[in-house]
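Subject: Structure for you to look at

Dear colleague,

I am passing on the structure we spoke about, with the sequence and coordinates shown just below. My notes on what was found in it follow.

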Amino acid sequence: MRRDAPHKFEPDGCAMSIPPIEGFWLPQQVHSNLLTPETEFEERTFANGQPASAQAPGAVTARWPRLNGAQWATLLEALERNRSRPPQGGDFWRRFQAALHHAGRRLANPSDALHQKAIQTLPGYTGYSPAMIRLALRALDLFSLEQLPAALSFVPTWQAMERWQPMPGIPGRARFYPQQPWREIYGWSPILARQPIYKRSAPSQLVIGYGAGNVPGAALLIALLTQAVSLAIATPVIVVRNSRHEPIFSSLVLQAMEEADPDLVCTTALLVWDFEDQALQKDLLSRADLVIAAASDETIADLRGQFDAARRSRPATGQASRFHAHGHKVSFSAIGAEMLTRTEGDPDSGKSKMEIAARLAALDSILWDQNGCLSARVHFVEEGAEGDVDAEAYADCLLDQLRLLSTWLPLGGWQPRRLHERFDRYKNLERAGLAKVFSDYDDEFLVILDRRPLEADAFRQQVNDCQGRVIVVRPVAHRMDIPRRYLRMIPKENLQSLSVAIGEPGQALEDGFLQFAAECGACGVTAIRTVGRGAFPQLAYSWDGWIPRDLIGERPPGYFCTIEFDQPYEQILSTYRLMAIN
Amino acid sequence: MIGKEVAERQMVGLSAQMRLADFWQIPPPSRPEILFQAIQASHAWHFTHNPAYHDALSARRVGAEISPQDLPRLLRPTSQTFKSYIDILGTPFPQDQPRRFMAWLIDHLSLQTTGDLAPGERIGQLKERYPSLEALLRDIECLYTDLGIEIITSSGTSGRSTILARDQQAIERTVESFYLSFQRYFGMQLDHRAIFIMPRQTRIAMARMVGFSLRQVGIPPENTFFTIPFPAYPDQVRVRSGRAYRSGWQGWIERRALNPFMNWMNEHIVSPQAVRRAVNLLLQAEADGVKILLFASWVHLHGVALALRSQKKVLQLPPGSLLGTGGGFKEFYPYAPDQIRHDLAQSVRTTDGQPVPVRDVYGMAEANWAAMQCRAGNYHIPPWVYVAVLDADDRFQTTPDATGILAFFDPLGGGDLIPAFYKTADQARLINGSTAYDPALDCPCGESGAYLAQASIQRVDLLDEAGCAAQI
């Protein structure tokens, strides 16, 4: 697959000039009252995912208002006044689902103006291929909300520190890893162990969110999760700082939700402002009860400093304020020996278990061109006695699957230069017999089999190499080697998800798996899901160690790891059938 | 298929026909064709003699014969080609595995088989381990004296040095290349006094070549001064940079004792002393009425300016004097080059009242050439180097004014030992490079041919990354 021409994201092959798109969102009534012809706007232009001039081919410009102090005060007052409008409890839930469904339907419909606007702007602005964006637009329904009410009412106890705790009404388990070692005493006493981890917290009045990066939807995730607290408490004012690298998608979804039910989103604002605007930051952070920051580690450290300073400066109210950090993360895949076989895995398609696992694990790696925190970097492959093929056969199978998927989801504006450099590097290792490269120089991905035992520095370097569709297949003799030899070499705070292809048909979560999951959790993994779902985290489960209960309750420092399934094989099969392409 | 013998004949013929200085006589539009022929011959030679190059290009589906469309595929990245021993050995310390390191190095060289003991067969004569990288490199140079091999390194401030070899032919070509550029772009002549705020003994490529080349210009040794009295061996550079330490107790000592001590020494003793010596030499040159070339890092040049300012002294040097730098910024140095230029302009002037020009030099360990900054501020690529910029898809941009990843081919100056075809880790705005030439874009200094626009060179690893994925 030699690249003959660069991707130029001119929708449907036609070059056109697109007027600046709104990279912010305000409730309609607030929008019309707040923004005047005199309001200053900031613009950013990207083409093929890179900063560009407005005249560049395929350039897309987004704009957002630069509010002055008086406008900010007016905005916060208006949103606060609106807090009486959103419904609560069951009524909220029914209307919220309906509105989200409406937005999902519009975005998924190619003849809908909203879908067309997204397809005209998102590929050029973010650099992801139109096919990738189309998939995201169709996938809004995959962010299942059905389990969110049960998740919000889940009250974990300190037993979750010692063993996996079921979550009533939701498949899977949860386990808590406290940061304070003395909390272990809760595990020694049956009475203490039954105590809830959370304590009651005063409802949030103002939530400030920060979204970053160019993977669409970070700001939306923050907005939707915080809106969903209306199931349990009054809707807070929600102000989310949108990413300058992708300010479009979240705004479009909120626009569609407002059409369906304006009351649901009337306390929410999505804007862009500068972290360096210290007066504004201090004002917002001193008012906030809850800050949710999805950003780089450096930005989060900076924000946390600002948040602590702002909190100290505000008058004591007795009400705690919380800071949820979602920093830079890495994710992995684990392929169990039971999936490393050519025996039939899906009676419908006749595909083998290995093909199914490889297809879905490939998907976890290539979605968002491996730029996402959820993207699987290394595929650990268990070469146990159960499998009838080895990791080399898996790498071969993965190569076939990637070739197939790449025609369906082509690489976006990610620079082939980096792929080429990594190709050269691993080819050099191949000459020394230290690794094997399966893909070609001109493939839009790289598959490497690497059996070398690595020191921590070298392993971390390898993990860093795995971006832009670079997948390292690393064999392990036993699945326990994954946490014991490898995951422990990654800083805990940087670990995120493990996508697993593990389990036999009809098999539930058995002790061996739970032990494996517990060790992964202890290394810092915060979510364990089945392969193919890596890029579609479910809102009911742990997001970087925070569970939905964290939005309405307080707990000691630490993190949750959740398993997002009860019967892994059945879930894998259903994902495969959902994603089936020929 | 081109065989080894044909490739050898082509290479010999090429070297005999071409002198580097002749390229200035060739009009810019005619240069690419001549250079392409040289690249073809050089490629064929290396493809048939250099195992690492052969395999890297075969993996890219390139054979011994090439067309102009293949040129981008000949480029290997400077950022990894001669650092790849780290991957192969599994350690950045070659002294721990000297024989494997030497095997790696030989693998990357285009060597002719001779009647003597073949290079690969001598590896067993190296020791099992060496106490330092410098000790290993000396032993290698000793063992391969007949090949005239000299090992050079990058500045190594990342803690992971580029290590490559030059033979006598490559050294001569590099020296020729540097001195031609010094003469043409800096106006260096015999009557200059050269002052280097750098150590005489170093393996750092650019420092070494600048020194050699000025000797070639004809500046006598008594008119060449190195003001840093201590050698800068690769191990010392590594420890002082604080980016890579040995493991175990040795690393503990490096981290806890040697690094702080060396940095303290550098800051409080070595640098002030080197700057003081340079200032004294400058004052002497002023008194003698001799033109000077002062070559130093930005930080040391600033040290000179500040030292003169503290003495309330404004130097009056003969016109033709020059201040040169090859970069060298501490990450935390609080002054930008513009401020340093300003401070130098206040303290170092010519007798006709003008500030002494400050010129930068752009180069790298892998390049046997350097781009000298002209009086208009642009960086001129020597005309015997084929230079291009790559787009995000690793293809040449063919417009006469293009910005991208800088790549170069040095088929004549690069020597026969290593294929000098590289893509760098730098993004730059290239004017009149590749096959594109627009006379209207010629540099205001009057020089025609390819140049890098002033202030356009940027390390690509400093550019923004997308997404929320971590770099650990």
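A detail of strand pairing makes a convenient place to start: the bridge partner of A:Gly209 in S9(A) is A:Val240. Please keep in mind throughout that this is a predicted model, with an ipTM of 0.84 and a pTM of 0.87. For chain B the average pLDDT is 87, and 90% of the residues score at least 70.

The pair just named belongs to the ladder between strand S8 (residues 206-210) and strand S9 (residues 237-241) of chain A, which run parallel and are joined by 5 bridges. Both strands sit in an open sheet of 5 strands in chain A, where the order is S10-S9-S8-S11-S12 and the pairing is parallel. Strand S10 (268-271) and strand S12 (322-326) of chain A each have a single partner strand, because they stand at the edges, and so one side of each is left without a neighbour in the sheet. From one strand to the next, the twist averages 10°.

Turning to domains, chain A is divided into domain 1, made up of 24-35 + 51-99 + 202-326, and domain 2, made up of 330-510 + 571-578. The centres of these two domains of chain A, taken over C-alpha atoms, are separated by 36 Å.

In chain B the domain assignment gives domain 1 (4-152), domain 2 (169-362) and domain 3 (378-460). The C-alpha centres of domain 2 and domain 3 of chain B lie 26 Å apart, and 9 residues of domain 2 of chain B are in contact with 9 residues of domain 3 of chain B. On the domain 2 side of this contact in chain B, helix H7 (residues 168-186) gives the most, with 8 residues. By class, the residues on that side of domain 2 of chain B are 4 nonpolar, 4 polar and 1 charged.

Lastly, there is the contact between the chains, which takes 42 residues from chain A and 24 residues from chain B. On the side of chain B that touches chain A, at least two residues each are supplied by helix H3 (51-59), strand S1 (76-77) and helix H4 (85-89) of chain B, and the largest share, 3 residues, comes from H3(B). That side of chain B has 12 nonpolar, 5 polar and 7 charged residues.

With best wishes

How values were computed. Residues are numbered from 1 along each chain as its sequence is written. Chains are lettered from A and ligands numbered from 1 in the order in which they are written. This is a predicted model: local features need pLDDT of at least 70, side-chain atom pairs count only at pLDDT 80 or more; totals for chains, interfaces and linings use all residues. Two strands pair if DSSP finds at least two bridges between them. Helices (H or I, at least four residues) and strands (E, at least two) are DSSP runs, numbered from the N terminus. Axes are lines fitted to C-alpha atoms, for helices over the stretch in contact, and angles run from 0 to 180 degrees between N-to-C directions. Domain bounds come from an automatic or database domain assignment. Two residues are in contact if their C-beta atoms, placed from the backbone, lie within 7 Å. Ala, Val, Leu, Ile, Met, Phe, Trp, Tyr, Cys and Pro count as nonpolar, Asp, Glu, Lys and Arg as charged, and the others, Gly among them, as polar. pLDDT is the predictor's confidence in each residue, from 0 to 100.
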